[in-house]
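Let's take a walk through a protein model together. Have the sequence and the 3D view ready, and turn the view as you read.

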Amino acid sequence: MTAFIARRAAAAVVILALVSFITFAIFFLVPRLAGASADDLAARYVGKTADAQQVHERAVQLGFTDPVHQQYGDFVKGIFAGRDYDLGGPTPEHCAAPCLGYSFIDQNAVLPDLLDRLPVTLSLAAGAAVVWLFVGVGTGVLSALRRGTVFDRSAMAVALAGVSLPIFFTGLLTLSVFSYTLKIFPPGGSYTPLLENPIEWAYDLILPWVTLAFLYAAGYARLTRAGMLETMNEDYIRTARAKGLAERTVVMKHALRSTLTPILTIFGLDLGLLVGGAILTESTFSLPGLGAYTVQAISGNDLPKVLGVTLLAATFVVIANLVVDILYAVIDPRVRL
């Protein structure tokens, strides 16, 4: 088991290195290949009134005139050892390690902003994940066991609606009904840190959790139902029943365990992407998380912020897949080979 985890961890490190290079190339190499010069890249950081000489000086200060491989080397070095940015002031601006970029528009490092907003996105993703796992998998199992009944047809109809309806529609609908009409839950924009008041924290996030979970639970319910229907017809399930095992043991220990493998696969990807920024949900409910931060960065054309969010999101996806690989080995020991 230790060797298996070591192999997966080494592969995760290689993937992160490749992601960092590809992401850096998209932001700094592709524009060059498209014909943009170093001065073109620096023009967005000097204002509209700057002349050509000022633009060129800023390009030199920001390192845009250096070869791309040297820029990437400085970027990687900044992640592990920090980096100094010469912005023309009396002293260079220091970005402490791990430096995921420096916003030349806001004049501050990107990572502290990401860490400030990360608890909001983590709270949203973790709470919604718990809801959609229990509701989605539970509904799928019950639908498979009661195939063709009213419950099965109703559940799958609701699941189809959940997959089809966009998050901004269901989010605005829940806000209109439960916040502004019934006044049961607070409107968007409310967030209380978990350690400050756990009850208020959960109360503020109930609507975002349910709205986001509705979208994902629908897909998990359909996937679980299909997997259970296929598994329940396997020979080993009939053998388990012939041995006199209780139906609950047959379903939970034998059938559901085999169905969990594809569910774990998509769960790792979904959770990793959500932690990277649930953009639509955070925008709909005005939550100050990574998703809202990404929208602001794109609107302000602040590429270092976008680069930092991209690398952070990729890191979470890789970590989530590493955890999924380990869970595979726990569920099915044959995976270790």
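Which helix gives the most to the nonpolar patch? That role belongs to helix α7, residues 167–181, with five residues in the patch. The patch sits on the surface and covers about 920 Å². Its members are Val-158, Leu-165, Phe-168, Phe-169, Leu-173, Val-177, Phe-178, Leu-182, Ile-184, Phe-214 and Leu-280. Try picking out Val-158, which lies in helix α6, residues 150–164. Val-158 has a relative accessible area of 48%, and because "exposed" begins over 50% while "buried" means under 20%, Val-158 counts as partly exposed.

Now step back to the whole protein. Keep in mind that this is a predicted model. The protein has 13 helices and four strands, and its C-alpha atoms fill a box of roughly 85 × 55 × 40 Å along the principal axes. Of its 337 residues, 41% count as buried.

How sure is the predictor? The mean pLDDT of the protein is 84, and 96% of the residues reach 70 or more. Confidence is highest in helix α5 (residues 110–145), at a mean of 91, and lowest in helix α10 (residues 247–275), at 81.

Finally, look for the largest pocket, which holds about 370 Å³ of space. Its lining is made of 13 residues, and those nearest the centre are Leu-16, Ser-20, Ile-79, Leu-100 and Thr-315. Helices α1 (2–33), α4 (68–81) and α13 (303–331) each supply at least two residues of this lining.

How values were computed:
Residues numbered from 1 in each chain as written. Predicted model: local features only at pLDDT ≥ 70, side-chain atom pairs only at ≥ 80, totals over all residues. Heavy atoms only, no water. Patch = residues over 30% accessible without salt bridge, like charges linked within 9 Å, V, L, I, M, F, W, Y side chains within 5 Å. Areas by Shrake-Rupley, 256 points an atom, 1.4 Å probe, with all protein chains shown as cover. Salt bridge = Lys/Arg side-chain N within 4 Å of Asp/Glu carboxyl O. Buried < 20%, exposed > 50% of the residue type's maximum accessible area, 1.4 Å probe, protein only. pLDDT = per-residue confidence, 0-100. 1 Å grid on protein atoms, 1.4 Å probe; cavity = no way out; pocket = protein on both sides within 12 Å on 5 of 7 lines; lining within 4 Å. Points joined across faces, edges and corners; volume = space filled by probe spheres on them.
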